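Here is a brief report on one protein model. It covers a helix crossing and some aromatic ring pairs.

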Amino acid sequence: MEFSKIQSLLSVLLFLSTIFVQHFVAVHSIGVNYGTLGNNLPPPAQVAQFFKDKTTIDRYKIFDVNPYILRAFAGTGIFVAVTVSNGEIPNLVNIKYARRWAGNNIKPFYPQTKINYILVGNEVLHWGPQNLIDNLVSAMITLHRALIRSGIQGVNVTTAHSLEILESSQPPSLAKFRLGWDKGDLAPMLQFLQETKSPFMVNPYPYFGYSPEQANFALFKPNSGLHDKYTKQTYTNMFYLLIDAVHISMKKLGYGDVKIAVGEIGWTSAGETFELKC
C-alpha cells in the first residue's frame, strides 16, 4: 500500500508516549493518532500490516474503541490507546456499568491487542459541559477499579487535555492551571494518576500560539529563543516551552513526579472553519 493512502487515514499528529519532562531527550516512542473520519480508507487489517512490516512506529491512539481496529492490531506487538467517548463519562461512575463497558470493549481484545491506555474522554475540561467535568475523575477511578475486578492488568486510565487548562504558559516558571480546575479537578486527577502510575496527557499544539514574530520558534527553526529570567532556562521552541509550563503547573500542585504523555501535536494544513485564523 502506498504511504500516501496511509496518510489520508491517519491524522498526521505525533503521539509521544511518556515524555519525561525532567529530561526532554527521554522520549520512549513516537506514534500516530489513527483517525477514521474520511472516505476511501484502507481497511484496518491492511493498515496494521503496513505499519508492522514497513515502519518502526509502535504506538497508536484511536478516538473510540473500534472493534475492527482493535482486532486488526492483535498479535502485531503494537501498542494501542483507546478513547471512551465524552458522552459515556457520567455512566462510568457506576461500577456495574464500568465493568460491563470493560467487558464489552477491552476484555475481548486484551492482551492479544496491546492496549496500554484508556482515555476517559478527550479535552473534557476545555469543552465541557459541566456535568462531564464534574464526573470525570470519578469515572476514571471507577473504570480503573472495573478493569482490576475484571482481571485486566497493565492498562492505564487517563484522559487528554487541551492547554486551555493553563492560566498562562509564558514564561513557564509563572505557569499555573486555571483557577477552579486546579484544585477542584486537576489535583484529585493527578493524585489518581500518581497512585496508578499513569501519565498526565496533554495536546500541546504549537500553532495555537502562532504569530508571525514567533514563526521560527513555533516551527523548530533557528531562532534567538525565549529566556525565562526566573529559572535562567532558554527555550528554543514552543513545544518544550509548553511542556515545561505543564510540568511546572503540576509541580505547584505537588505532583511533579507524574509523567507527561503527549496525546496530539501537529500543524494544521486546513482544519475546521473556526480554526482558519490560525
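In which hand does helix 4 pass helix 6, left or right? The crossing is right-handed, meaning that the near helix is turned clockwise from the far one by less than a right angle; anticlockwise would be left-handed.

This is a predicted model, where local features need pLDDT of at least 70, side-chain atom pairs count only at pLDDT 80 or more, and totals for chains, interfaces and linings use all residues. Residues are numbered from 1 along each chain as its sequence is written, and side-chain values use heavy atoms, with hydrogens and water left out.

**Helix crossing.** The axes of helix 4 (residues 95–105) and helix 6 (residues 130–149) come within 8 Å and cross at roughly 60 degrees. Axes are lines fitted to C-alpha atoms over the stretch in contact, with angles from 0 to 180 degrees between N-to-C directions. Helices are DSSP runs (H or I, at least four residues), and strands are E runs of at least two, numbered from the N terminus.

**Aromatic rings.** Rings of Phe, Tyr and Trp (its six-membered ring) pair if their centres lie within 6.5 Å; planes under 30 degrees apart are stacked, over 60 edge-to-face, the rest tilted. By this rule there are ten aromatic pairs. Two of them are tabulated here.

| Pair | Centre to centre | Angle between planes | Class |
|---|---|---|---|
| Tyr34 and Phe73 | 6.2 Å | 65 degrees | edge-to-face |
| Phe239 and Tyr240 | 5.9 Å | 50 degrees | tilted |

Tyr34 lies in strand 2 (residues 29–34) and Phe73 in the loop between helix 3 (67–72) and strand 4 (79–84), so their pair ties together parts 39 residues apart in sequence. Ring pairs also link Tyr34, Phe50, Phe51, Tyr60 and Phe73 into a cluster.
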